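Biologist: I would like to go through this model residue by residue where the backbone or the charges call for it. Please reason briefly and finish each reply with the value or name I ask for.

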Amino acid sequence: MFPAASLLTIIFLALSIAGSPVEIDISPITLPIARRLNLSDGPINLLQQDKARVTALRDNSLSTQGGHTSSTPVINNVQGYLITVGIGSPATTYDLIVDTGSSNTWVGANTKYVKTKTSVDTREPVAVSYSYSSGSFSGTEYTDTITLGTGLTIPSQSIGVASTSSGFTGVDGILGIGPLDLTNGTLTNEPTKTIPTVIDNLYSQGTISQKVIGISFEPTTSNLVTNGVLTFGGTDATKYTGSIAYTPITTSFPSSTYWGINESISYGSMTILSSTVGIVDTGTTLVYIASDAYAKYKSATGGTLDTATGLLLISSSQYKALKNLNFHIGSETYALTPNAQIWPRSLNSYVGGSSNAIYLMVSDIGTPSGAAVDVLNGYTFLERFYSVYDTANSRVGFAKTSYTDATTN
């Protein structure tokens with residue numbers, strides 16, 4: 001288990017109804033998101049914490065090539081988004097990790113599940129292993145009422161109630177918003193059965209009219225700031241500019257069971273990674289690329305590995321010479337500007353770095369290109385582009401925002 005020091009994003013539930021940005025009959029529901037650096041144990045080793053999740057995603061892909069087995073969800077307990085969720089009637093509140101890399105909803109890791117009049121024991125044993133930090137849950141499936149905020153209640157939502165759990169300190173469980181297939185194999189007695197997710201039930205119960213989640217982040221130079229929104233049932237047109245361009249979920253298994261996409265990368269005009277498979281992941285902080293692409297990027301930028309942070313270190317003159325890092329997705333190109341490629345300098349001390357140093361937020365995924373997953377588009381990428389996760393149409397969308405070209409880092 002990693003130390004409690006972590007980069008946490010806390011979701012505060014102050015419900016608002018957004019104007020309808022798409023052609024739907026029911027307005028989407030938007031919840032503000034706040035990002036917080038948890039420094040209770042001193043400076044965080046950002047790369048070390050991130051690598052555990054990267055390893056899980058990469059190894060899941062390598063271990064399942066050649067046949068369709070149940071996909072393993074991944075969770076980052078030291079860097080994630082927490083949401084306070086009410087379960088039951090009267091409701092007990094739980095702090096759950098919101099994660100696009102898993103799809104089951106779990107409670108009971110710390111605050112124990114409280115049965116109420118809405119609790120139904122299905123007597124189905126359920127278990128999930130999260131592949132790193134010894135993270136796992138096992139217990140029994142219940143259905144119960146989940147309340148995310150005024151007007152956002154989900155009756156009869158499947159939840160796993162943990163009888164045993166490990167690897168989850170300071171949180172009560174998970175609110176999974178990944179694709180449905182990630183629930184496959186989690187019911188012990190019915191290993192081929194999937195479990196309707198939160199977004200599935202919001203749609204089937206008529207609370208939202210599209211199985212769509214929109215996520216907006218913004219670059220921040222503070223360790224505690226409300227800097228984004230999570231929208232259920234559509235998108236928030238005030239959070240992006242222009243139009244949303246969609247790309248289909250990749251057909252390459254097992255990335256296809258996550259929010260996996262086909263993409264290529266260039267640094268300036270130089271291609272460093274040809275068409276390949278990546279995963280869009282809110283639970284990963286940095287951008288990770290295949291080892292051979294990383295070597296090209298490192299050489300082109302002149303970065304040297306900093307032993308204190310594990311990140312690439314560049315000089316002021318090298319920063320001025322940085323070129324855009326371009327992600328070619330579908331027919332669109334999404335450019336991380338030089339400023340978007342660096343860690344916020346005002347937060348250097350929080351990751352063990354020097355106050356005036358310049359660190360790059362692109363790192364090595366640990367395997368050569370062609371080894372199943374070659375790119376992880378993490379928070380570094382997502383804070384510059386609005387992202388949309390469309391379950392019904394099996395696609396991911398991106399749009400530019402007013403922060404795409406920001407120079408705040």
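Biologist: Is Ser156 buried or exposed, and what is its relative accessible area?
Modeller: This is a predicted model, so every value here is computed from it. Ser156 belongs to strand S9, residues 152-166. Exposed requires over 50%, and Ser156 counts as exposed with a relative accessible area of 51%.

Biologist: What is the phi of Ser156?
Modeller: Ser156 is a residue other than glycine, yet its phi is positive. The value is near 55 degrees.

Biologist: Which residue in strand S7 has a positive phi although it is not a glycine?
Modeller: Strand S7 covers residues 120-129. The residue in question has a phi of about 65 degrees. It is exposed, with a relative accessible area of 69%. The residue is Arg123.

Biologist: Which two residues does a cis peptide bond join?
Modeller: The bond has an omega of about 0 degrees. Its proline sits in the loop between strand S4 (79-87) and S5. The residues are Ser89 and Pro90.

Biologist: Why is strand S5 described as largely enclosed by the rest of the structure?
Modeller: Strand S5 spans residues 92-99 and has eight residues. A residue is buried when its relative accessible area is under 20%. S5 is largely enclosed because the number of its residues that are buried is six of the eight.

Biologist: Which residue of S10 is the bridge partner of Asp99?
Modeller: S5 runs parallel to strand S10 (residues 173-176), and four bridges join them. Strands of a sheet pair through backbone hydrogen bonds, either parallel or antiparallel. In S10, the partner of Asp99 is Gly176.

Biologist: Which are the edge strands of the open sheet of seven strands?
Modeller: The order in this sheet is S20-S19-S14-S15-S23-S16-S22, and the pairing is mixed. An edge strand here pairs on one side only. The edge strands are therefore S20 (332-336) and S22 (362-364).

Biologist: At what angle does the direction of helix H3 stand to that of S15?
Modeller: On average, neighbouring strands of the sheet are turned by 35 degrees against each other, direction ignored. Helix H3 (residues 291-301) packs on this sheet and touches S14, S15, S16, S19 and S22. Its direction and that of S15 make about 130 degrees.

Biologist: Which residue in S23 stands opposite Val287?
Modeller: Strand S16 (residues 287-289) pairs with strand S23 (residues 375-377) over three bridges, in the antiparallel sense. Opposite Val287 in S23 stands Asn377.

Biologist: How far apart are the closest N and O atoms of Asp390 and Arg395?
Modeller: Side chains of opposite charge can pair when their charged atoms come close. Asp390 is buried at 3% relative accessible area, whereas Arg395 is partly exposed at 26%. The two form a salt bridge, with the closest N and O atoms apart by 2.8 Å.

Biologist: Which residue forms a salt bridge with Lys211?
Modeller: The closest N and O atoms of this pair are 3.5 Å apart. Lys211 lies in the loop between H2 and strand S11 (212-217), and its partner, 11 residues apart, is in helix H2 (residues 198-204). That partner counts as buried at 10% relative accessibility. The partner is Asp200.

Biologist: What is the N to O distance between Lys193 and Glu190?
Modeller: Lys193 is partly exposed, with a relative accessible area of 40%. Glu190 is partly exposed as well, at 28%. Their side chains meet in a salt bridge, and the N to O distance is 4.0 Å.

Notes
Residues numbered from 1 in each chain as written. Predicted model: local features only at pLDDT ≥ 70, side-chain atom pairs only at ≥ 80, totals over all residues. Heavy atoms only, no water. Buried < 20%, exposed > 50% of the residue type's maximum accessible area, 1.4 Å probe, protein only. Helix = DSSP H or I, 4+ residues; strand = E, 2+ residues; numbered from the N terminus. Pairing = 2+ DSSP bridges. Axes fitted to C-alpha atoms, helices over the stretch in contact; angles between N-to-C directions. Contact = heavy atoms within 4.5 Å.
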